[in-house]
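Let's walk through this protein together, one piece at a time. Have the sequence and the 3D view ready, and follow along.

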Amino acid sequence: MAAGGKEPIEVKFRLFDGTDIGPSKYDPSTTVAALKEFVLARWPQDKEIVPKTVNDVKLINAGRILENSKTLAESRVPVGEVPGSVITMHVVVRPPQSNKSGNA
């Protein structure tokens with residue numbers, strides 16, 4: 001059999017207010033941009049802040065901001081990881097750019 005059997009990676013996303021999305025399993029070749037799409041699709045609608053695009057969201061794993069073009073395998077930090085454990089990624093939302101001026 002070809003191709004080293006890559007185990008799916010289990011990830012959950014912790015939102016800024018402590019709520020979690022997931023955990024779900026992803027192929028190691030999944031890109032960070034695709035993970036952000038998943039987060040946007042599963043975003044709780046009752047939140048005050050709702051990101052509109054993947055560019056409104058940053059994923060942070062072990063203190064590093066993940067790049068959209070990298071895969072999950074490239075982005076994960078294997079140090080201290082237990083096989084079969086869930087990786088928690090923190091989700092940060094960029095505040096919406098407001099065009100309001102002169103708000104006193």
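Let's start with the rings. Searching the whole structure turns up four aromatic pairs, where rings of Phe, Tyr and Trp (its six-membered ring) pair if their centres lie within 6.5 Å, with planes under 30 degrees apart called stacked, over 60 edge-to-face and the rest tilted. One of them is F13 with Y26, an edge-to-face pair with 6.2 Å from centre to centre and 70° between the planes. F13 sits in strand 1 and Y26 in strand 2, so this pair ties together parts that are 13 residues apart in sequence. Helices (H or I, at least four residues) and strands (E, at least two) are DSSP runs, numbered from the N terminus.

Before going on, keep in mind that this is a predicted model: local features need pLDDT of at least 70, side-chain atom pairs count only at pLDDT 80 or more, and totals for chains, interfaces and linings use all residues. Residues are numbered from 1 along each chain as its sequence is written, and side-chain values use heavy atoms, leaving out hydrogens and water.

Are these two rings buried or exposed? F13 counts as buried because its relative accessibility is 0%, and Y26 is buried too, with a relative accessible area of 10%. (Buried means under 20% relative accessible area, exposed over 50%, and partly exposed in between, using a 1.4 Å probe and protein chains only.) Y26 also forms an edge-to-face pair with F38, at 5.4 Å centre to centre and 80° between the planes. That pair links distant parts of the chain, with Y26 in strand 2 and F38 in helix 1, 12 residues apart. Put together, ring pairs link F13, Y26 and F38 into a cluster.

Now follow F38 into its helix. Helix 1 covers residues 32-42, and V32, L35, K36, V39 and L40 are buried there. These residues sit on the same side of helix 1, because they cover an arc of only 140° around the axis, the arc being that of the directions from the helix axis to the C-beta atoms. Here's the background: an α-helix has 3.6 residues a turn, so residues three or four places apart point the same way. What covers the buried residues? The cover includes strand 1 (9-14), strand 2, strand 3 (57-61), helix 2 (72-75) and strand 5 (87-93), with contact meaning heavy atoms within 4.5 Å.

Back to the strands. Strand 1 and strand 2 run antiparallel and are joined by five bridges; two strands pair if DSSP finds at least two bridges between them. I9, for instance, has Y26 in strand 2 as its bridge partner. Five residues lie between the strands of this hairpin, where G18 takes a positive phi near 95°.

Finally, look for charges. The whole structure has four salt bridges, each a side-chain nitrogen of Lys or Arg within 4 Å of a carboxyl oxygen of Asp or Glu. K25 forms one with E10, their closest N and O atoms being 3.3 Å apart. This pair links K25 in strand 2 to E10 in strand 1, 15 residues apart. K25 counts as exposed because its relative accessibility is 56%. D20 meets K12 in a salt bridge at 3.7 Å, N to O, and D20 also meets R14 at 2.5 Å. Salt bridges that share partners join K12, R14 and D20 into one network.
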